[in-house]
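Let's take a walk through this model together, stopping at a handful of spots. Keep the structure open beside you as you read.

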Amino acid sequence: MALALEPIAAAVGNWLAEFERALAQPDDRPLGSLFHAESHWRDVLALTWEIETVSGRDAILRELRAHAARARPRGFRIDPRRAEPRHVTRAGARTIEAFFTFETVEGRGSGVLRLTPQDGDEEQTKAWTLLTALDELKGYEERAGGSPLGAKAHARDFRGPNWLDLRKAAGEYADRDPVVLVVGGGQAGLCAAARLTQLGIDTLIVDRGKRIGDNWRNRYHALTLHNQTQVNHLPYMPFPPNWPTYIPKDKLAGWFEAYVESMELNYWTATEFEGGRWDEREGRWVVRLRRADGGLREMRPRHLVMATGVSGIPSLPEIPSLRNFAGTVLHSSQYEDGEAWRGKSALVVGTGNSGHDIAQDLYSSGAKVAIVQRSPTLIVNVEPSAQIPYALYDEGPSLEDCDLITVSVPLALARQSHKLITEQARKLDRALLDALERVGFRLDFGEDGTGWQFKYLTRGGGYYFNVGCSDLIAEGRIGLLQNSEIDAFVAEGARLRSGETLAADLVVLATGYKGQEFLVRKLFGEEIAAKVGPVWGFGKGQELRNMFMRTPQPGLWFIAGSLAQCRIYSKYLALQIKACEVGLLPTTRDATRRILAGTGAAD
Ligand SMILES: Cc1cc2nc3c(=O)[nH]c(=O)nc-3n(C[C@H](O)[C@H](O)[C@H](O)COP(=O)(O)OP(=O)(O)OC[C@H]3O[C@@H](n4cnc5c(N)ncnc54)[C@H](O)[C@@H]3O)c2cc1C
C-alpha cells in the first residue's frame, strides 16, 4: 500500500533531517543506511563545483564525505515553493519524489530526492537518487530589477544620455573588451549571455549571421520545431501563451531578435570569430573578429563560450568517383531551396534529419528524388512518439520544477527511461516502420534500444523525426537506395551494381558535421585541442564531456543542445563563470582537484 500524502512528506522530512545529522557524524553507518546499495548522487556545482554523478552507496559515501567537509551543506528541508513530495513513476519504477532546499558556505541550492522501499516495505524507504544543485552564490545573486546598463529611472538632465544612448554605447565596445565573449548567437549563445548579463558580467555575443535569428530563418521553408512550445522556452522570457504548439522557424527567429532587445544583450551580427590564443601570463584570450566591413577587431576577453552549434565543419565522406559526376554536389549546409531543382533529378546521401528534410523539400518542389541509406537509421513519428520524452512537462509542476527533475535524472535512469520510451514509440509507429522495412529501409533503435535521445547525446544524429518523408519513402514517391547498391558515380549520375544508371543533376551529401574538437583545432590550434579532448558524448563517464563546465583549458567553455538543455545548463555555466570572476573558483577543473588534494595553488 502506498503512503498517503502526509506520510510521504514525513518520510522525506525525516530522511532530510537524518541526512544532515549523518553528514555531521564521523561514523559512516548512519549515512550509509540512508542509501540503497544501488543508488546515485548527482551534484551540480553545489558541493563539488563539478557536474558529476556518483553511483553506488560506497562511492557516494566517500564523495559526500570528501566534499561536505569543505562545502558544509546544511538546512536541508522540503521546498515549500515547489511541487509537494509525491508518488511518481520514473524509469519504470514507482518512487517518492521530493524537492528540497539547502545551503552551503558559498551558495544556496535545490535538490530532488527519490525514495523507494527497502525490500518492498513501503514504511522503510531509502534514497534511490539524490540531486544537489547550486541555485545562487551568496552575495552574488542575479539582478532582481533595473537595467544592466544602470540607466536612471528618471533623468533630470534632459539632454544627457538616455537608455537608448547607454545601450548603444555599451554594445559598441569602443573603449573596452567584454569579460565574456560568446561565439554563436543561436539559442545556446542567447541563453548563456542572458544568464551572464543577469549576473552582472559584461558579455558580448558575436555571430556570422547577418541578422539575429538567421540560424533558424535560413533553414528549410516548411520548418516548425520538433517538440512542443512548453518545453522550449528561453530563460526569463517564456513564449506567450497564445503561441502555436509547434513554433515555425521564422517566428522563433523573430523571438530571438526580441529576446536580445528585451534582455539587453550585446550582439554583433555579421561578425566571424576567426580564432585566438590563450595568453597565459595575462589569463586572457587574444581573439580575432572579422567585422561586416572586412575590418579586424582584436579582443581580450577572460572567457570564451563556444555556442557554435553543429554548424562547424562539414563531414564529407571519401567517395573518389564523385569527381566523375558532371552535376552539382552540395553538402547539406550549402543546400538552400528546392525551387531551383524543379523538374530535375536529385540524389540525397544520408538518412538523418537533414537528409530526409532535404529530400522532402526537393520532392515538394517538383524534383525527382532518391535517398541513399548508408547505415541503419532510427525513425520516429514527430507526433505523438517524439513527444513522449517530454511528458514530464505536462505533468503539472512548474517549468522550474520540471527542469530540476530533468537535471536530477542520472545517466543510468535516463538510459532505462529511454529504453521504455523507445519500446512505446516502436509500438505506436508500427505501421510506418513495417512499411519502411517493406521497401528495404534499414531501421535501428539506438544502442541497447535507448532510442533517438541517446543517439543525439552520443553522436548528435542518426535519426529522423518523421514529418512526412518516411511516408513518401514507404509509398515509393521518394526512391530509396542502399549505399552498397551504388557501384560508382559517373558523369550522368550513379551507376548501380545492377548495371543500371540512375540519372541525377544534383547530389546532396547530408552526411553531418565533424565534432566540436575539429573546430577547436581549427580555431585554437593542436595544443589546445589535445588538452581539451572530445566535446559532447559520454565517453566512459556519466556526463557530457566538456559541456557546460570548466574544461582543461582555462577560460574555454562549451554550450550546445536542445532549447531545453540550453535553458537549463546555461544557468550552471554562468554560475561557474561568476564564481571564477569573484575568486571562488579556479578557472580549470584540474586546478580545483589539485587544491582539494592539497597539492597546488589556483591558476
Ligand atoms: C528541423 C529542425 C527542428 C528542430 N526542432 C527542435 C525543437 O523542437 N527543439 C529543440 O530543442 N531543438 C530543435 N532542433 C535542434 C536544435 O535545437 C537546433 O539545431 C539549434 O539550432 C541548436 O542551437 P545552437 O545555438 O547550439 O546552434 P545554432 O543554432 O547552430 O547556432 C550557432 C550559431 O553560431 C554561429 N557561428 C558558428 N561558428 C561561428 C564563427 N566562427 N563565428 C561567428 N559565428 C559563428 C552560426 O552562425 C550560428 O548562428 C531542431 C533542428 C531542426 C533542423
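Is Thr 551 buried or exposed? This is a predicted model, and in it Thr 551 is buried, with a relative accessible area of 1%. You'll find Thr 551 in the loop between α15 (526-532) and β25 (556-558). Its side chain has a polar partner: a polar atom there lies 2.8 Å from the backbone oxygen of Leu 556. If you set aside the neighbours within four places in sequence, Thr 551 is in contact with Asn 546, Leu 556, Phe 558, Thr 587, Thr 588 and Arg 589. So Leu 556 turns up both as a contact of Thr 551 and, through its backbone oxygen, as the partner of that side chain, while Thr 551 itself counts as buried because its 1% is under the 20% cut-off.

Now let's move to helix α9, which covers residues 399-407, and look at how it sits against helix α16, residues 563-581. The axes of α9 and α16 come within 10 Å and cross at roughly 75°. That crossing makes α9 roughly perpendicular to α16, because angles of 65 to 115 degrees fall in that class. On the α9 side, the contact is made by Leu 399, Asp 403, Leu 404, Thr 406 and Val 407. Across from them, α16 brings in Arg 567, Ile 568, Tyr 569 and Tyr 572. Sort the residues of this contact by character and you get six nonpolar, one polar and two charged.

Stay on α9 for a moment, since Asp 401 lies in this helix as well. What is the relative accessible area of Asp 401? The value is 4%, so Asp 401 is buried. Its side chain is joined to that of Arg 82 by a polar contact of 2.8 Å. Beyond its neighbours within four places in sequence, Asp 401 is in contact with Arg 82, Ala 83 and Phe 99.

The loop that runs between β18 (378-381) and α9 has a couple of stops of its own. One is Pro 384, found in this loop: the peptide bond from Glu 383 to Pro 384 is cis, with omega near -5°. Another is Glu 395, also placed between β18 and α9. Glu 395 is partly exposed, with a relative accessible area of 39%. Which residues does Glu 395 touch, leaving aside its neighbours within four places in sequence? The contacts are Arg 86 and Arg 90. For a sense of scale, take Arg 156, which is 239 residues from Glu 395 along the chain: the two C-alpha atoms are separated by 51 Å.

Next up is helix α4, residues 163-172. Its buried residues are Arg 167, Ala 170 and Gly 171. Why do they end up on the same side of α4? They cover an arc of only 95° around the axis, which puts them on the same side of the helix. The general background is handy here: an α-helix has 3.6 residues a turn, so residues three or four places apart point the same way. As for what lies against them, the buried residues of α4 pack against α7 (249-262) and β10 (266-268).

The two ends of α4 are worth a look too. At its start, a side-chain oxygen of Asn 162 reaches to within 3.1 Å of the backbone nitrogen of Leu 164. At the other end, α4 is followed by Tyr 173, whose phi is positive, near 50°.

From α7 and β10, step into the loop between them, where Glu 264 is found. Glu 264 isn't a glycine, yet its phi is positive, about 55°. At 14% relative accessibility, Glu 264 counts as buried. Asp 448 offers another positive phi in a residue that isn't a glycine, again about 55°. This one is in the loop between α11 (430-438) and α12 (451-459). Asp 448 is exposed, with a relative accessible area of 53%.

Let's finish with Gln 334, in the loop between β15 (328-331) and β16 (345-349). Gln 334 is partly exposed, at 48% relative accessible area. Its C-alpha atom and that of Pro 314, 20 residues apart along the chain, are separated by 9.8 Å.

Terms used. Residues numbered from 1 in each chain as written. Predicted model: local features only at pLDDT ≥ 70, side-chain atom pairs only at ≥ 80, totals over all residues. Heavy atoms only, no water. Axes fitted to C-alpha atoms, helices over the stretch in contact; angles between N-to-C directions. Helix = DSSP H or I, 4+ residues; strand = E, 2+ residues; numbered from the N terminus. Parallel < 35°, antiparallel > 145°, perpendicular 65-115°, else oblique. Contact = heavy atoms within 4.5 Å. Nonpolar A, V, L, I, M, F, W, Y, C, P; charged D, E, K, R; others polar. Buried < 20%, exposed > 50% of the residue type's maximum accessible area, 1.4 Å probe, protein only. Arc of directions from axis to C-beta. Polar contact = N/O pair within 3.5 Å; in protein donor to acceptor, adjacent residues only side chain to side chain.
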